[in-house]
Amino acid sequence: MSDDPNILLSVINTGLRDEYSSLEDLCLSKGISQDEVVEKLGKIGYEYSAELNRFICK
């Protein structure tokens, strides 16, 4: 997982758009912590929208 939250945002949202139906599915597939992703992206003002299946600006 990238240490740069802006790169992480791009990678995660691209994966959600192109390959995965939920953040949970993406994280399970990639073997990464969903809580850690949410925390890192929350620090730069983004939150996960299950309805839109992407991270959006708070």
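In this predicted model, strand 1 (residues 46-49) and strand 2 (residues 54-57) form a hairpin with four residues between them, and within that turn Asn53 adopts a positive phi of about 55°. The two strands run in the antiparallel sense and are paired over four bridges; in this arrangement Glu47 has Ile56 of strand 2 as its bridge partner.

The hairpin strands also supply the aromatic pair, of which the structure holds one. Its members are Tyr48 and Phe55, whose rings lie 5.5 Å apart centre to centre, with 55° between the planes, so that the pair is classed as tilted, because only planes over 60 degrees apart would count as edge-to-face and only those under 30 as stacked. The two residues can also be described by their accessibility: Phe55 has a relative accessible area of 3% and is therefore buried, whereas Tyr48, at 24% relative accessibility, counts as partly exposed, because buried is reserved for values under 20% and exposed for values over 50%.

Turning to the helices, helix 2 (residues 23-30) and helix 3 (residues 34-42) have axes that come within 9 Å and cross at roughly 115°. On the side of helix 2, the residues that take part in the contact are Leu23, Glu24 and Cys27, and they meet Gln34, Val37 and Val38 in helix 3. Sorted by class, this contact of helix 2 with helix 3 comprises four nonpolar residues, one polar and one charged.

Methods
Residues are numbered from 1 along each chain as its sequence is written. This is a predicted model: local features need pLDDT of at least 70, side-chain atom pairs count only at pLDDT 80 or more; totals for chains, interfaces and linings use all residues. Side-chain values use heavy atoms; hydrogens and water are left out. Rings of Phe, Tyr and Trp (its six-membered ring) pair if their centres lie within 6.5 Å; planes under 30 degrees apart count as stacked, over 60 as edge-to-face and the rest as tilted. Buried means under 20% relative accessible area, exposed over 50%, partly exposed in between (1.4 Å probe, protein chains only). Axes are lines fitted to C-alpha atoms, for helices over the stretch in contact, and angles run from 0 to 180 degrees between N-to-C directions. Contact means heavy atoms within 4.5 Å. Ala, Val, Leu, Ile, Met, Phe, Trp, Tyr, Cys and Pro count as nonpolar, Asp, Glu, Lys and Arg as charged, and the others, Gly among them, as polar. Two strands pair if DSSP finds at least two bridges between them.
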